[in-house]
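Student: I should like to learn how burial and the nonpolar core are read from a model. Where should one begin?

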Amino acid sequence: MIPKCAWCNKQSDDLKEITVLSTGLPASNRRKISYSVCPEHEHRLRRFYDRVRRYAILFVSLMIIGIFGVVMPSVFYNNVWSGYLFIMSFESMGLVLVIFPFCAPETMAMMGVAKSIRIARIMGGAFFAVGAFVFILALLYR
Ligand SMILES: [Zn+2]
């Protein structure tokens, strides 16, 4: 089997073997993972994992807050503010995904990191668009 580049997912015989420190939550769980990558994509892959390690805790925290904010209004559905909380959480989760386009490791391994970043950004953008749409509806039919 011809190895694939971890960044662009293209098969090539001219790949470089590199080791990158894993995200590790908590940080003590970090370990070295080896990737095959095109020589020209090594820098991008390393920079991406640097970002993941730096912002993983912030990303996970913001997502948990976001999910909490989406779920809570359904518990207190009769509260006036619950609809706005729902919309705000949707918007913020969308923004978080656009700024920190982190996918599950399985997704990144399957389609390559470059494509998984695009998918995370598209999802984030879709979340944001849905939130904005609902917000406009809420203003119109108040
Ligand atoms: Zn590549």
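Tutor: Begin with the definition of burial: a residue is buried if 20 or more other C-beta atoms lie within 10 Å of its own. The model shown here is predicted.

Student: What share of the 142 residues in the chain do buried residues make up?

Tutor: Buried residues account for 23% of them.

Student: Which elements does the chain contain, and in what order do they run?

Tutor: The chain has 4 helices and 2 strands. Read from the N terminus, the order is β-β-α-α-α-α.

Student: How should one read the radius of gyration of the chain?

Tutor: The value is set against that of a compact globule with the stated number of residues. For 142 residues such a globule would have a radius near 14 Å, whereas this chain has 19 Å. The C-alpha trace spans about 60 × 30 × 25 Å along its principal axes.

Student: What is the general idea behind a nonpolar core?

Tutor: In soluble globular proteins, nonpolar side chains tend to be buried together. In this model, the largest nonpolar core has 23 residues, and those with the most contacts inside it are Ala-6, Trp-7, Val-37, Leu-45, Leu-97 and Val-113. Two or more residues each come from β2 (32–37), α1 (42–75), α2 (80–99) and α4 (113–140). The most is given by α2, with 6 residues.

Student: Which residues does Leu-97 touch, not counting those up to four places away in sequence?

Tutor: On that basis, Leu-97 touches Ala-120, Arg-121, Met-123, Gly-124 and Phe-127.

Student: How are contacts in the chain distributed along the sequence?

Tutor: Of the contacts between residues at least 6 apart in sequence, 58% join residues at least 24 apart.

How values were computed
Residues numbered from 1 in each chain as written. Predicted model: local features only at pLDDT ≥ 70, side-chain atom pairs only at ≥ 80, totals over all residues. Core = buried A, V, L, I, M, F, W, Y, C linked by C-beta atoms within 7 Å. Buried ≥ 20, exposed ≤ 12 C-beta atoms within 10 Å, placed from the backbone. Contact = placed C-beta atoms within 7 Å. Rg over C-alpha atoms; globule rule 2.2 N^0.38 Å.
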